[in-house]
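Got the viewer open and a selection box ready? Let's take a walk through this one, stop by stop.

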Amino acid sequence: NQNFVLTLTGNTTLVNPSTENVGQSGFIAFIQDGTGGRTITLGTDYETAGNAGITLTSAASTTDLVPYVVVAAGRILLGTPQRNFS
């Protein structure tokens with residue numbers, strides 16, 4: 001398992017990683033800074049159910065958890081976010 005914590009200080013793009021391993025899984029914690037309203041854009045390796053993308057809680061200082069699993073080289077599946085921890 002590998003977990004990541006990202007504090008968003010501006011709109012952010014998750015670029016495609018080059019060091020992922022098939023079977024790797026964990027979560028990404030997205031923390032809004034004191035301003036909030038930050039968004040993320042996904043690189044082409046990231047997939048969501050129904051190609052719906054990810055919508056984060058926009059309130060300042062909140063945290064959303066997004067689970068992920070690497071199923072193949074260049075394929076990272078993102079689960080449903082658990083939103084609005086504060």
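Pick out arginine 38 and aspartate 33: are they buried or exposed? Both arginine 38 and aspartate 33 are buried. Keep in mind as you click around that this is a predicted model.

**Stop 1: the charged pairs**

Stay with those two residues and show their side chains. Arginine 38 and aspartate 33 meet there in a salt bridge, at 2.7 Å from N to O. Side chains of opposite charge can pair when their charged atoms come close. The structure holds 2 salt bridges, so there is another one to find.

For that one, select arginine 75 and glutamate 47, whose side chains form a salt bridge at 2.7 Å, N to O. This pair links distant parts of the chain: arginine 75 is in strand β7 and glutamate 47 is in strand β5 (residues 46–48), 28 residues apart. Switch on a surface and check how much of each you can see. Arginine 75 is partly exposed at 37% relative accessible area, and glutamate 47 is also partly exposed, at 27%.

**Stop 2: the nonpolar core**

Next, select Phe30, Ile40, Ile54, Leu56, Tyr68, Ile76 and Leu78. Those are the residues that touch the most other members of the largest nonpolar core, which has 13 residues. Colour by strand and you'll find that β3 (25–32), β6 (63–72) and β7 (75–78) each supply at least two residues of this core. Which strand gives the largest share? That's β6, with 3 residues. As background, nonpolar side chains in soluble globular proteins tend to be buried together.

Now centre on isoleucine 40. What does isoleucine 40 contact once you leave aside its neighbours within four places in sequence? The list is Leu8, Thr12, Phe30, Ile54 and Leu56.

**Stop 3: one step back, threonine 39**

Move to threonine 39, in the loop between β3 and β4 (40–42). Threonine 39 is partly exposed, with a relative accessible area of 41%. Draw a distance from its C-alpha to that of asparagine 11: the two atoms are separated by 4.8 Å, although the residues are 28 apart along the chain. Skipping neighbours within four places in sequence, threonine 39 is in contact with Gly10, Asn11 and Thr12.

**Stop 4: the aromatic pair**

Select phenylalanine 4 and tyrosine 68 and show the rings. A pair of aromatic rings is described by the distance of the centres and the angle of the planes. The count here comes to 1 aromatic pair, and phenylalanine 4 and tyrosine 68 make it: the pair is tilted, 6.1 Å centre to centre with 45° between the planes. Phenylalanine 4 lies in strand β1 (residues 4–8) and tyrosine 68 in strand β6, so the pair ties together parts that are 64 residues apart in sequence. As for exposure, phenylalanine 4 is partly exposed at 34% relative accessible area, whereas tyrosine 68 counts as buried at 7%.

**Stop 5: the largest pocket**

Keep phenylalanine 4 on screen and add Pro17, Ile28, Tyr46 and Ile76. Of the 15 residues lining the largest pocket, these and Phe4 lie nearest its centre. The volume of this pocket is about 270 Å³. To trace the lining by strand, highlight β1, β2 (12–14) and β6, each of which supplies at least two of its residues.

**Stop 6: leucine 65**

Follow β6 to leucine 65, which lies in that strand. Leucine 65 counts as partly exposed, at 26% relative accessibility. Which residues does leucine 65 touch, not counting those up to four places away in sequence? They are Phe27, Ile28, Ala29, Thr80, Pro81, Gln82 and Phe85. For a distance check, the C-alpha atoms of leucine 65 and leucine 14, 51 residues apart along the chain, are separated by 15 Å.

**Stop 7: two asparagines with positive phi**

Finish with some backbone angles. Select asparagine 51, in the loop between β5 and β6. Its phi is near 55°, a positive value in a residue other than glycine. Asparagine 51 counts as exposed, at 72% relative accessibility.

Then jump to asparagine 84, found in strand β8 (residues 82–85). Asparagine 84 has phi near 70°, again positive in a residue other than glycine. This one is partly exposed, with a relative accessible area of 46%.

How values were computed:
Residues are numbered from 1 along each chain as its sequence is written. This is a predicted model: local features need pLDDT of at least 70, side-chain atom pairs count only at pLDDT 80 or more; totals for chains, interfaces and linings use all residues. Side-chain values use heavy atoms; hydrogens and water are left out. A nonpolar core is a set of buried Ala, Val, Leu, Ile, Met, Phe, Trp, Tyr and Cys residues joined through side-chain atoms within 4.5 Å. Buried means under 20% relative accessible area, exposed over 50%, partly exposed in between (1.4 Å probe, protein chains only). Helices (H or I, at least four residues) and strands (E, at least two) are DSSP runs, numbered from the N terminus. Contact means heavy atoms within 4.5 Å. A salt bridge is a side-chain nitrogen of Lys or Arg within 4 Å of a carboxyl oxygen of Asp or Glu. Rings of Phe, Tyr and Trp (its six-membered ring) pair if their centres lie within 6.5 Å; planes under 30 degrees apart count as stacked, over 60 as edge-to-face and the rest as tilted. On a 1 Å grid over the protein atoms alone, a cavity is a set of points where a 1.4 Å probe fits but cannot get out, and a pocket is an open set with protein on both sides within 12 Å along at least five of seven lines; lining residues have an atom within 4 Å of a point. Grid points are joined across faces, edges and corners, and a volume is the space filled by probe spheres set on the points.
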